[in-house]
Structure formats: C-alpha cells, structure tokens
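I opened this entry to keep a record of what I looked up, going from the whole chain down to single residues. The structure comes next, and my notes follow it.

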Amino acid sequence: MANKVEQQLTEDLLPLLQKERYVTIATVDYETNVPNVNAISWVFAPDSKRVCFAIDNRSRIVENIKKNHGMTMTVIGSGSTYSISGKASIKAEKLEGVPLKLALIELSIDEIRDVMFYGARISTEPSYEKTYDAEAAAKLDKQVMDAIKKLKPGGLLVWLFLFF
C-alpha cells in the first residue's frame with residue numbers, strides 16, 4: 001500500500017522544524033548534474049508550507065539552487081524518516097545580524113512523503129554536538145536562528161513594499 005503524500009507539514013512535523021535540527025538536503029549539482037547531499041542544522045519552518053535554512057553563502061548549494069530550484073530535505077523524527085520536496089529560492093545572500101556570511105534559503109513545499117522502510121520505526125533520533133567553543137556556538141546559533149525567524153510570510157518582499 002502506498003504511503004499518503006502530504007502537501008504541507010503535519011502537526012507532528014511542524015514543531016520538529018521550528019528549532020535547530022539535523023537534516024540533510026539534496027540539490028542537483030550545477031556542474032555534474034548529479035545529486036549533491038549536505039547535512040545542515042540551522043532550519044526553521046515559519047509555517048506549514050515553508051522551511052527556511054541558513055548556509056555559508058559560498059556553499060555549492062547556493063550555485064546549485066540558482067541553476068535548479070528543485071530540492072529535497074530529509075528529516076528524521078516522530079518515529080520515521082520524511083522526504084520534503086519543493087522549490088528552493090535564495091531569500092538573502094547575507095543574513096543581517098550574523099557575523100558570518102550566510103545565505104537564507106527558503107524551501108516552498110510541494111510534497112512530503114514518509115520514506116521509512118516497511119515494518120520499521122526510528123527508535124533514536126540523530127543527535128550531534130558542536131566541536132568548538134560551546135559558548136561561542138550557542139551565541140552564533142542564537143544569532144542565526146533569530147535572523148531566520150525574522151522572515152515572515154512574503155519575507156523580504158513585504159519589507160521592500162513597505163519602504164518603496
């Protein structure tokens with residue numbers, strides 16, 4: 001029996017993506033045209049239709065998205081593994097209020113699939129630890145997540161509309 005396909009984050013998934021979390025993203029490499037997978041953690045879902053994330057603006061991911069907007073995010077949580085696919089767009093080349101040059105990417109969700117193999121359930125979710133100065137890591141994480149959360153529906157376009 002085929003799994004149900006969702007068009008937005010469910011009540012179980014939305015809270016998982018409203019805090020820093022280990023996820024992977026897959027884009028199409030702009031040079032080789034093959035899948036390119038990366039692990040990231042600065043993610044935030046402002047609503048059930050979008051997931052935003054921050055990455056180094058020199059990352060290959062940025063060029064990949066400029067050439068091909070298709071992207072898939074994999075989330076492990078709520079006892080399963082989920083594939084969240086849609087169109088990615090660059091909302092900002094540099095996040096304001098963050099000391100690093102980070103790009104803000106928004107994934108507009110087209111579909112979500114439970115891709116866990118039959119007869120299994122995730123019993124322990126992935127965890128990670130920062131391997132550099134814990135205080136510096138916590139400060140940077142807060143700055144990045146605060147900057148991501150500033151994006152509202154319409155994001156930067158709302159700001160431009162109000163001031164021009």
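**Loop and backbone notes**

I began at Ser-78, which sits in the loop between S6 and S7. The model is a predicted one, and in it the phi angle of Ser-78 is near 50 degrees, a positive value in a residue that is not glycine. I then looked up the accessibility of Ser-78 and found 28% relative accessibility, so I entered this residue as partly exposed.

I went on to Asn-33, where phi is near 65 degrees, again a positive value in a residue other than glycine. Asn-33 belongs to the loop between S2 and strand S3 (35-40). Its relative accessible area is 61%, and because the limit for exposed is over 50%, I listed Asn-33 as exposed.

**The chain as a whole**

I counted 4 helices and 8 strands in the protein chain, and reading along the sequence I wrote down the pattern β-α-β-β-β-β-α-β-β-β-α-α. For the overall dimensions I took the C-alpha trace, which spans about 50 × 35 × 35 Å along its principal axes. I also checked the radius of gyration: a compact globule of 164 residues would have a value near 15 Å, and the 16 Å of the protein chain agrees with that.

Of the 164 residues, 38% count as buried, while the accessible surface comes to about 9,800 Å², with 55% of it belonging to carbon and sulfur atoms. Among contacts between residues at least 6 apart in sequence, I noted that 66% join residues at least 24 apart. For charges, I recorded 21 positive and 21 negative side chains, the centres of the two sets lying 4 Å apart.

**The nonpolar cores**

Which residues have the most contacts inside the largest nonpolar core? I found Leu-9, Leu-17, Phe-53, Met-73 and Ile-84, in a core that has 26 residues. The elements that give two or more residues to this core include helix H1 (13-16), helix H2 (60-67), strand S6 (70-77), strand S7 (80-92) and strand S8 (102-114). The largest share, 5 residues, comes from S8.

I followed Ile-84 further and, not counting residues up to four places away in sequence, found that Ile-84 touches Leu-9, Leu-17 and Met-73, and also Met-71, Thr-72, Val-75, Leu-107, Ile-109, Glu-111 and Ile-112. I then noted a second, separate core of 14 residues, which includes Trp-42, Ala-54, Ala-92 and Leu-140.

**Two residues compared by hand**

Is Ile-61 buried or exposed? Ile-61 lies in helix H2, and its relative accessibility is 3%, so I entered this residue as buried. Leaving aside neighbours within four places in sequence, I listed Ile-25, Thr-27, Asn-38 and Ile-55 as the contacts of Ile-61. I also looked up the C-alpha separation between Ile-61 and Tyr-30, which is 9.0 Å for two residues 31 apart along the chain.

Lys-19 was my last stop, in the loop between H1 and S2, and with a relative accessible area of 45% I entered this residue as partly exposed. Leaving aside neighbours within four places in sequence, Lys-19 is in contact with Val-43, Phe-44 and Met-145. For the pair Lys-19 and Val-43, 24 residues apart along the chain, I noted a C-alpha separation of 6.6 Å.

Methods: Residues numbered from 1 in each chain as written. Predicted model: local features only at pLDDT ≥ 70, side-chain atom pairs only at ≥ 80, totals over all residues. Heavy atoms only, no water. Core = buried A, V, L, I, M, F, W, Y, C linked by side-chain atoms within 4.5 Å. Buried < 20%, exposed > 50% of the residue type's maximum accessible area, 1.4 Å probe, protein only. Contact = heavy atoms within 4.5 Å. Rg over C-alpha atoms; globule rule 2.2 N^0.38 Å. Areas by Shrake-Rupley, 256 points an atom, 1.4 Å probe, with all protein chains shown as cover. Lys, Arg positive; Asp, Glu negative; His and termini not counted. Charge placed at Lys NZ, Arg CZ, Asp CG, Glu CD.
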